[in-house]
Amino acid sequence: MSDATLHATSQDPDDFAVQIADQIESFLVAVTEVAKGDEPDSAVPFLLLEVSQLLLAGGRLGAHEDIVPDERYEPDLGPEPDVDGLRERLALMLDPVDVYSEVFDPYEPRKAPVPARISDDLADVMTDLRHGMAHYRAGRTTEALWWWQFSYFSNWGSTASATLRALQSLVAHVRLNQPLEELDGLDTDQDLSEDALAEAAGKVMVEEIAEPLGLRTVK
């Protein structure tokens, strides 16, 4: 299935696979456009919207019965598309709010938060979704749905959920005119305790990020 036939009129728009593919394709296109940096002022609100909509597709996949692929072994898709350029452009655009703290498993007791990056998360989600889209475009619909469902549980669902919380928190800090904690100087390869995170975090006022990121005009 080529790009031109991805949304072919012969496909039933009420079909589950078509709806999921449409939502995923919309996310892939939107994040790619945001990463170009043509409209940096609207990047954060737009990403909040797109990740929210993607997680609706994820919720539908999660609630669906287990999808079993047609073939026992996954067909070879060749090399994965490179996302490093997209990751770097997003990181540059989102600086200084790219890094946030996250708890990977809310049901694991006393687990300390660790630093993560919105740019890394979005690039990882894009990789998972593109992998399934390659199957879908090749006409392997069941394989695509199986991959999207499996990777939703194993990776991109929790990653996108964490990203959504970070983006929502960022917008909320700005709209409510509250100070924002910045993970100043931290990186994602550091395994830090909660106390260390709190000690290292610096204060950044909302006014310093609101206008550059298009969340609100600073007066």
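In this predicted model, Trp 146, Trp 147 and Phe 150 come together as one aromatic cluster. Two members of this cluster, Trp 147 and Phe 150, sit three residues apart in helix H5, about one turn of the helix. Their rings make a tilted aromatic pair, with 6.0 Å from centre to centre and 45° between the planes. The two residues can also be described by their accessibility: Trp 147 has a relative accessibility of 14% and therefore counts as buried, while Phe 150, at 42%, counts as partly exposed.

A further pair is found along the helix. The ring centres of Tyr 152 and Trp 156 are 5.1 Å apart and their planes lie at 65°, so this pair is edge-to-face. Tyr 152 and Trp 156 are about one helical turn apart, because four residues separate their positions in helix H5. Both Tyr 152 and Trp 156 are buried. Across the whole structure, a search finds six aromatic pairs.

Attention now turns to the core. The largest nonpolar core holds 49 residues, and Phe 27, Leu 129 and Trp 148 touch the most other members. Helices H1 (16–35), H2 (43–63), H3, H4 (118–137) and H5 (141–175) each give two or more residues to this core, with H5 giving the most, 12 residues. Setting aside neighbours within four places in sequence, the contacts of Trp 148 include Ile 20, Ile 24, Leu 61, Leu 129, Met 133 and Trp 156.

One backbone feature completes the picture. Most peptide bonds are trans, but the bond from Asp 95 to Pro 96 is cis, with omega near 15°. Pro 96 belongs to the loop between helix H3 (84–94) and strand E1 (99–102).

Methods: Residues numbered from 1 in each chain as written. Predicted model: local features only at pLDDT ≥ 70, side-chain atom pairs only at ≥ 80, totals over all residues. Heavy atoms only, no water. Core = buried A, V, L, I, M, F, W, Y, C linked by side-chain atoms within 4.5 Å. Buried < 20%, exposed > 50% of the residue type's maximum accessible area, 1.4 Å probe, protein only. Contact = heavy atoms within 4.5 Å. Phe/Tyr/Trp six-rings, centres within 6.5 Å; stacked < 30°, edge-to-face > 60°.
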